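Welcome! Here is a short briefing on how a protein and its DNA meet in one structure, and on the spaces enclosed inside the protein.

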2 protein chains.
Amino acid sequence: MPGFIGREQHSVDEKGRLLIPARFRRKFLLQEDNSGTGAPSRSPALYVFKADDGSLELYEPSVWNEKEQQLLKLSDFNPDERLLTTMIYARLDQTELDRSGRIALSREMLDHAGIVKDAVIIGANAKMVVWEPLRLETLLSDNAGRFAPLANRYI
Amino acid sequence: MPGFIGREQHSVDEKGRLLIPARFRRKFLLQEDNSGTGAPSRSPALYVFKADDGSLELYEPSVWNEKEQQLLKLSDFNPDERLLTTMIYARLDQTELDRSGRIALSREMLDHAGIVKDAVIIGANAKMVVWEPLRLETLLSDNAGRFAPLANRYI
DNA sequence: CATAAATTCCCCACTTTTTCCCACTTTCCC
DNA sequence: GGGAAAGTGGGAAAAAGTGGGGAATTTATG
């Protein structure tokens, strides 16, 4: 129950580093550090997943692990289930926050999202979603007229 | 059951701070602070949503969370449902009241509503709606003739 | 296998933004 | 009118964000 909410834009430097907004960091540093020792939580990790819509999804370990429970139920010997498992792990990566609260995104991840210089991070409750700013803008404006109908249908 | 009712106009300062009228504040400080301890309620939060009509909607956590239940049912892997989720979280932000009862609105939020110096806050029962004064005035006068027909149809 | 090149990691320094707090003015209410 | 609450503005301290240097590690290459 992280509850990431809000939208921010930050730059990605030449080293591929992307800052996780402080307000998001607080959300999971808080719950990572339930060691009771009060010691600084060692190395907050994040799972990075290439989404179909051209964005990147960032998950806390606890949230990803919960999703992963579904995967573990799949059989290695059912072709479809095996394929799905392969597809998912092929798109998955893991990264850690550095001392400044940044993560290093690999070249493939950045390419997948089309990120060059800037990135938008959207809090989507359980996860964070990373977009190339223009790509997100285009998606939203191209589909602006669909918001009301969709909202009307689904919520 | 917040029951915000009334209309007020307040200034937005250079730091983007907007005062939540005292009578609205009382509504939800009351129900936030059901800790029983009588201690000052820590950090009253508000969700801010960019509405389609060029206004900003302010929700109390309890009210927004109820809406969010609908969102949580949507699938990440159904394109329409995913798009809707993206559209909503891309327009959503979260903010807290400072000690003076103000919220800090981000630049994007202010731009969305066209707010420069002043803002009108309308209590609309479950939520508060924030308008740039002239924009609201224009909307109302441009559609004055439609009030009776609409009211006739729906209420 | 050794050396060079590249990448990663760790840290520091600077700039900008946010937060916190205080003070003043206006309005409301008895 | 006097006191309290509400509303407004701004200064200073703290935090967040950004960039980059240099050591260490990994990867390429002769």
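In this predicted model, a polar side-chain atom of Lys15(A) sits 2.6 Å from a base oxygen of DNA strand D. Lys15(A) also reaches DNA strand C, where a base nitrogen is 3.2 Å from an N or O atom in the side chain of Lys15(A). Let's look at each strand, then at the cavities.

**DNA strand D**

- Around DNA strand D there are 25 residues, and the nearest are Lys15(A), Arg26(A), Lys15(B), Arg17(B) and Arg26(B).
- Of the strand D atoms that come within 4 Å of the protein, 59% belong to sugar and phosphate.
- The backbone takes part too: a polar backbone atom of Ala22(A) is 3.0 Å from a phosphate oxygen of DNA strand D.
- From chain B, Arg102(B) places a polar side-chain atom 2.9 Å from a base nitrogen of this strand.
- In both chain A and chain B, β1 (4-11), β2 (17-19) and α1 (22-32) each give two or more residues to the surface near DNA strand D.
- That surface has 14 charged, six nonpolar and five polar residues.

**DNA strand C**

- From chain A, the residues surrounding DNA strand C are Lys15(A), Arg17(A), Arg99(A), Ser100(A) and Arg102(A).
- From chain B, they are Lys15(B), Arg17(B), Arg99(B), Ser100(B) and Arg102(B).
- Sugar and phosphate make up 43% of the strand C atoms that come within 4 Å of the protein.
- An N or O atom in the side chain of Lys15(B) is 3.3 Å from a base oxygen of DNA strand C.
- What classes of residue form the surface near DNA strand C? Eight are charged, two are polar and none is nonpolar.

**Largest cavity**

- The structure has two cavities of 30 Å³ or more, and the largest holds about 100 Å³ of space.
- Its lining has 13 residues, with Ala124(A), Lys127(A), Val129(A), Thr85(B) and Thr86(B) closest to the centre.
- Which element gives the largest share of this lining? That is α3(B), with four residues.
- By class, the lining of the largest cavity has five nonpolar, five charged and three polar residues.

**Second largest cavity**

- About 60 Å³ of space lies in the second largest cavity.
- Its lining includes Arg7(A) from chain A, and Lys50(B), Leu92(B) and Met109(B) are among the lining residues from chain B.
- Two elements of chain B, β5 (92-96) and α4 (107-113), give two or more residues to this lining.
- The lining of the second largest cavity divides into five charged, three nonpolar and one polar residue.

Methods
Residues numbered from 1 in each chain as written. Chains lettered and ligands numbered in written order. Predicted model: local features only at pLDDT ≥ 70, side-chain atom pairs only at ≥ 80, totals over all residues. Heavy atoms only, no water. Near = heavy atom within 4 Å. Polar contact = N/O pair within 3.5 Å; in protein donor to acceptor, adjacent residues only side chain to side chain. Nonpolar A, V, L, I, M, F, W, Y, C, P; charged D, E, K, R; others polar. 1 Å grid on protein atoms, 1.4 Å probe; cavity = no way out; pocket = protein on both sides within 12 Å on 5 of 7 lines; lining within 4 Å. Points joined across faces, edges and corners; volume = space filled by probe spheres on them.
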